[in-house]
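Q: Please take a close look at one part of this structure for a first-year student. I would like one connected walk through it, with the surroundings set out along the way.

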Amino acid sequence: MAEFSIDRFVDLYAHRTSGMSASEVRALFAVASRPEVVSLAGGMPYVQAIPEEDVLEVVRQVLDEHGTSSLQYGGGQGHPALRERLLALMAEEGVEADAEDVVVTTGAQQALDLTGKIFIDAGDLIAVEAPAYVGALTAFSAYEPRYLQIDVDEDGMKVDQLEEALVRGERPKFVYTCPNFGNPAGVTLSYPRREQLVSLCREASIPIIEDNPYGMLRFEGEPLPCLRTLDPENVIYLGTVSKVFSPGVRVGWALAEQSVVQRLVLAKEAADLCGSAFTMLVTERYLAGDRWRGNLETLVETYRRRRDAMLEAIEEHFPDGAMWTLPAGGFYVWVTLPEWFDTQAMLAAAVERRVAYVPGTAFYPDGRGKHQMRLAFCYPTEDRIREGIARLGSLLEDEEQLYRSLHP
Amino acid sequence: MNVAVLAGGRTPERDVSLRSGHRVLTAMQELGHDAWLIDPGETPLAESLQEREPDVCYLALHGKEGEDGTVQRLLDLLQIPYTGTAAFDCEVAFDKILAKDALARADVPTPPWVAIEGWALRDLGAGVALGKAIEHVGLPCVVKPSRSGSALGVGTVEREADLPAAVMAALSFSGAAVVETRIDGTEVAIGLVGTPLETVPVVEIVPKGGVYDYAARYTAGATEYFAPARVEDEVTAACTGASLRAAEALGLRGVTRVDAIVDAHGDPWVLEVNVCPGMTETSLLPMGAHAAGMSLADLCDRILRSVPSRG
């Protein structure tokens, strides 16, 4: 008799990997990426709006100006020229900073991982908005925290809930939020709540992690001040060029107090020594001058039309009882269906009908969100969005009929 | 020989199938065949087979299309021989409702079941009879899509109130659902290869989380396997006997895998059969074959040799 060990190291892996497993949803996404499926699932930026010649030109500039040093290792904090340039980008949203307080990361995703790494010990409590960006949850979960989930409504995180938790004596290590057109809910934290959150956390000495990938993708209305602007000392601000330029260059950053920056740089060096000097410099050159503004305007206009197409189609095709958010920017609409829906179970039928979404459960650490789903309008064309929503609407109708037939 | 390995496709088991296919491809090349892989999810299959006509197709497609007779019928039309079971028998074997019926008629033990058709619920008001399902199969019970694989859409129901949701989940994958009695015991898989079909050692499956679901199947280390199974000789004999009878009842040939559960009395119950069993590094048939000293290449060779020659 032989015991077959599929993985001979199975008893050696760290406990924190126990949550990493194969899943039905991932299997279905393999089908959802097929061209005949309208994918409202992934949040892929519409990089086709960035003219190739613009990129070629900056690549040439980088090689002309920096030569082979652009192909060399660099410092762990990120290229100084890029950090200076990022200050200008942040200033567009009213965030003032010093280049010494910026650490460039491999996308903002790495900043999430490094933040988790320097703050979370196994069993620590952290506060996250609920629903929250799935990538933040997977990054943090590797460090085995406990979660304090703070619900979100149309005005963003319900700060009162956080306050109640603090009054109860809960002491999270930090609070994570995506306040502008957040992923996945698409909602924006209101101004009064921003002030409330900032002062609450300052009093309690709890740092806020402000994840702001979508802030510059505003379709209408006046921008609100970033949390970082309201309290530069207590907010760790995460930014990315993925949505204003390209996710392929993998350039994100964290802006924080020096003490935090030093730890982040050491953690970054331990993880990957340094980011890519080449893509950092390409990004720096791209953001120099004014060309990027025109491209960003095209992007925002494209996303705005796609959002409109999605909201109109939802209005037309979704059944009574469905509720959805009205994002003023960003990539996502968040849909809440009657309680009995199970969007994870329904995904196979959706893919069969050639449309895909992300089931709500992905965005909560505790399996909530069964009757919710995230719809991304950033990538498909307006016609495809309308087609996808129509397919989804007819599925929801059929599911409702099936549900009624099972509960006569 | 010129061998086209068919893997991939458009089902949720696409990734698993590609993993099977790549391993089979390597094995075929080791055996000295001129082998290539075709992914019907990427390339129009008929066209591709006419361009470069193989002597035989190795079917490593999992799930609908690959296992339900669709591809087999196309290959019949193109007159290209293929591994495994013929089209009609695939169609029956892949459909759990038809297959369980055929097994029961041949006195092969399979857990008591009822079938629930989606359209009967929608158009014939079958929902009022849902309680009958529980009366018939008891609790706890297992709800499965009738036509799907890899435990996708499968749920266990402990309380009657949870049955409708489980039925809806199963119907997401298939037009009909099977509700069957849950048999507690040891899960086993019995691989069969060759002409006539012969069993390889029985593999015992011990999922660490207690349930052999999709994650337990495809996450390395989530399940322990023992081959041969740690059961009495009589139980092994009962398992191989039941699997051979199941294969005969369903007209299976060349290669197949029978999944069963051995109850507390040592009696096996056949749950389902697979006409294109997985060949990945976590798959059961290669594991059983390995216990008999067969490499993956040996196994593929036997499967290939069992293909009836053209005409």
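A: What follows looks closely at chain B, with chain A as its setting.

This is a predicted model. Start with the make-up of chain B. Chain B has twelve helices and 13 strands. Its radius of gyration is 19 Å, close to the 19 Å that the globule rule gives for 311 residues, so chain B is as compact as a globular protein of that length. Along the principal axes, the C-alpha atoms of chain B fill a box of roughly 55 × 50 × 35 Å. How much of chain B is buried? Of its 311 residues, 57% count as buried. Now take the contacts in chain B between residues at least 6 apart in sequence. Of these, 69% join residues at least 24 apart.

Next, go to helix H1 of chain B, residues 14–30. It meets helix H12 of chain B, residues 296–305. Two packed helices are described by the angle between their axes and the distance between the axes. Here the axes of H1(B) and H12(B) come within 9 Å and cross at roughly 85°. Angles of 65 to 115 degrees count as roughly perpendicular. H1(B) and H12(B) are therefore roughly perpendicular to each other. Which residues make the contact? H1(B) supplies B:Arg23, B:Val24, B:Ala27, B:Met28 and B:Glu30. H12(B) supplies B:Leu296, B:Ala297 and B:Cys300. By class, this contact has six nonpolar residues, two charged residues and no polar ones.

Move on to helix H4 of chain B, residues 87–94. Is H4(B) mostly covered or mostly uncovered? It is mostly covered, with six of its eight residues buried. A residue counts as buried if 20 or more other C-beta atoms lie within 10 Å of its own. In H4(B), the buried residues are B:Asp89, B:Cys90, B:Glu91, B:Val92, B:Ala93 and B:Phe94. What do they pack against? Three helices of chain B take part: H3 (70–78), H5 (96–105) and H10 (233–250). Strand S13 (268–274) of chain B is also a partner of these buried residues.

Helix H11 of chain B spans residues 284–291. H11(B) is mostly covered too: seven of its eight residues are buried. They are B:Leu284, B:Leu285, B:Pro286, B:Met287, B:Gly288, B:Ala289 and B:Ala291. Look just past the end of this helix. There, B:Gly293 takes a positive phi of about 85°.

Now turn to where chain B touches chain A. The contact takes 41 residues from chain B and 28 residues from chain A. Several elements of chain B give two or more residues to this side. Among them are H1(B) and H11(B), both described above. The others are helix H6 (118–124), helix H8 (163–173), helix H9 (214–218) and strand S11 (223–227) of chain B. Which element gives the most? H8(B) does, with eight residues. On the side of chain B that touches chain A, the residues divide into 23 nonpolar, ten polar and eight charged.

What sits on the other side? Chain A has 13 helices and 15 strands. Its radius of gyration is 22 Å, close to the 22 Å that the globule rule gives for 408 residues, so chain A is as compact as a globular protein of that length. The C-alpha trace of chain A spans about 70 × 65 × 50 Å along its principal axes. Buried residues make up 49% of its 408 residues. Among contacts in chain A between residues at least 6 apart in sequence, 76% join residues at least 24 apart.

Chain A is assigned two stretches as domain 1, 21–43 and 293–406, and one stretch as domain 2, 52–288. The C-alpha centres of these domains lie 26 Å apart. Their contact takes 23 residues from domain 1 of chain A and 26 residues from domain 2 of chain A. On the domain 1 side, helix H11 (291–317) and strand S12 (332–336) of chain A each supply at least two residues. H11(A) gives the most to that side, with six residues. The domain 1 side divides into 13 nonpolar, seven polar and three charged residues.

Finish with one residue of that helix. A:Arg291 lies in helix H11 of chain A. A:Arg291 is partly exposed, with 16 other C-beta atoms within 10 Å. How far is A:Arg291 from A:Asp54 in space? The two are 237 residues apart in sequence and 8.0 Å apart in space, C-alpha to C-alpha.

How values were computed:
Residues numbered from 1 in each chain as written. Chains lettered and ligands numbered in written order. Predicted model: local features only at pLDDT ≥ 70, side-chain atom pairs only at ≥ 80, totals over all residues. Helix = DSSP H or I, 4+ residues; strand = E, 2+ residues; numbered from the N terminus. Rg over C-alpha atoms; globule rule 2.2 N^0.38 Å. Buried ≥ 20, exposed ≤ 12 C-beta atoms within 10 Å, placed from the backbone. Contact = placed C-beta atoms within 7 Å. Domains from an automatic or database assignment. Nonpolar A, V, L, I, M, F, W, Y, C, P; charged D, E, K, R; others polar. Axes fitted to C-alpha atoms, helices over the stretch in contact; angles between N-to-C directions. Parallel < 35°, antiparallel > 145°, perpendicular 65-115°, else oblique.
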